[in-house]
Amino acid sequence: MRTMFAEREMDMLNRIKQEMHFVKHTNEGEDNIMLEMQRVGQKIAELRKASNMTQMELADKMNISFQAVSNWERGASMPDVFKLPELAKLFHVTIDELLGAKSDLIANAAADKMTDYLANNQVTPQELAQAAPVLKPAQVEAAVQKVPVMQLKDLEDILPYVSKNMANELAKAAQNQGQFGYLEDIAPYISGEVLGEIVLTMIDNEEAIGCLADLMPYMGKEVAGQTVKRAAEAGIRMDLEDIAPYVSGEVLGEIIQIKVNQGQSISGLGDLLACVGKDTADSIIRSLLGNRG
């Protein structure tokens, strides 16, 4: 039986690793977004100062809070799309000049003409990624429908602005097109079930997965267990010490047994056996002794 100490230690390790993985991947995925927001914020601050206005005065003219203006200028948030025309008019610039780039999608959204625009135009992934930080979630999801082909590499800058259901649909559609790269980048935004389905498809198609352990924190123990077991059966090499926190003791024992039967060496086997049932550990040890004999 798994000892109380080993169980508590593995659960704590699991929580720490989940937090570390989430911060790592969401930070990577949001770097471009933050840079864009900071650039727009710097432009707003520059235009405000050129107009000899304080943040409080700008807030009063825009009928918003002082904190909202401060957040814009620090790059912590973006102006609402419907505030852009008012802000541009106040500073005597165009919306394109305010944002530092031309975007027909943003311009039409700001003019409340997005429905007509989308009815007559397709949207590129790059255009949507540029516009997403200032659009409302429903607008982003409407625009997604007008992107002809969406690959996983295109989703990283878009998924933070859509619902999880939409994120799942986009990820599955990309998978159906045979697009499997960049999976670690979108993992924080899709459900564990969909992530597991994509990884299982990759295993069945003999696609390179990369570091499977990096995907485990987003799956949940049941899905992670099914996925890792299939990977083990397919002969995919993995570091079980990294995998162990994300699967049950029962599944871990099954995976170890599979690896032993395949003749693979297992790092940290003693620590791993402490996390499985005694009967399972005894069976694995007998298998090892039999193989050596």
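The legends below accompany several close-up views of one predicted model.

In this predicted model, local features are described only where pLDDT is at least 70 and side-chain atom pairs only at pLDDT 80 or more, whereas totals for chains, interfaces and linings use all residues. Residues are numbered from 1 along each chain as its sequence is written, and side-chain values use heavy atoms, with hydrogens and water left out.

**View 1. The whole protein chain has 18 helices and zero strands.**
Helices (H or I, at least four residues) and strands (E, at least two) are DSSP runs, numbered from the N terminus. Of the 293 residues of the protein chain, 47% count as buried, where buried means under 20% relative accessible area, exposed means over 50%, and partly exposed lies in between, with a 1.4 Å probe and protein chains only. The chain exposes about 15000 Å², of which carbon and sulfur atoms supply 49%; such accessible areas come from the Shrake-Rupley method with a 1.4 Å probe, and for residues only the protein chains shown count as cover. A contact means heavy atoms within 4.5 Å, and among the contacts between residues at least 6 apart in sequence, 63% join residues at least 24 apart.

**View 2. Confidence varies along the chain, from a mean of 61 in helix 1 to 95 in helix 2.**
The score shown is pLDDT, the predictor's confidence in each residue, from 0 to 100. The protein chain averages a pLDDT of 83, and 85% of the residues score at least 70. Confidence is lowest in helix 1 and highest in helix 2 (residues 55-62). Over residues 1-10 the pLDDT stays under 50, and the model has 15 contacts beyond four places in sequence for them. Over residues 12-26 the pLDDT is also below 50, and this stretch has 25 contacts in the model beyond near neighbours in sequence. Where pLDDT is low, the predicted coordinates should not be read in detail.

**View 3. Arg48 and Glu73 form a salt bridge.**
A salt bridge is a side-chain nitrogen of Lys or Arg within 4 Å of a carboxyl oxygen of Asp or Glu, and a search of the whole structure finds nine of them. Side chains of opposite charge can pair when their charged atoms come close. The closest N and O atoms of Arg48 and Glu73 are 2.5 Å apart. Arg48 lies in helix 1 (residues 4-50) and Glu73 in helix 3 (residues 66-74), so the pair ties together parts that are 25 residues apart in sequence. Both Arg48 and Glu73 are buried.

**View 4. Two further salt bridges join Glu254 with Lys229 and Asp96 with Lys102.**
The side chains of Glu254 and Lys229 meet at 2.9 Å, N to O. Because Glu254 lies in helix 16 (residues 249-261) and Lys229 in helix 14 (residues 221-233), this pair ties together parts that are 25 residues apart in sequence. Glu254 is partly exposed, at 28% relative accessibility, and Lys229 is partly exposed with a relative accessible area of 28%. For Asp96 and Lys102, the N to O distance is 4.0 Å; Asp96 is partly exposed at 24%, while Lys102 is exposed at 61%. Asp96, Lys102 and Asp104 are linked in a network of salt bridges.

**View 5. The largest nonpolar core has 93 residues.**
A nonpolar core is a set of buried Ala, Val, Leu, Ile, Met, Phe, Trp, Tyr and Cys residues joined through side-chain atoms within 4.5 Å. The residues with the most contacts inside this core are Leu105, Leu128 and Ile256, and its largest share, seven residues, comes from helix 13. Leaving aside residues up to four places away in sequence, Leu128 touches several residues, including Leu105, Val140, Val144 and Ile158. Leu195 lies in helix 13 (residues 192-204) and is buried, with a relative accessible area of 0%. The C-alpha atoms of Leu195 and Leu215 are 8.1 Å apart in space, although the two residues are 20 apart in sequence.

**View 6. Helix 9 (residues 137-144) has buried residues on one side and exposed residues on the other.**
The buried residues are Gln139, Val140, Ala143 and Val144. They cover an arc of only 140 degrees around the axis, which puts them on the same side of helix 9; the arc is that of the directions from the helix axis to the C-beta atoms. On the other side, Pro137 and Ala138 are exposed. The buried residues of helix 9 pack against helix 6 (104-110), helix 7 (114-120), helix 8 (125-131) and helix 11 (164-176).
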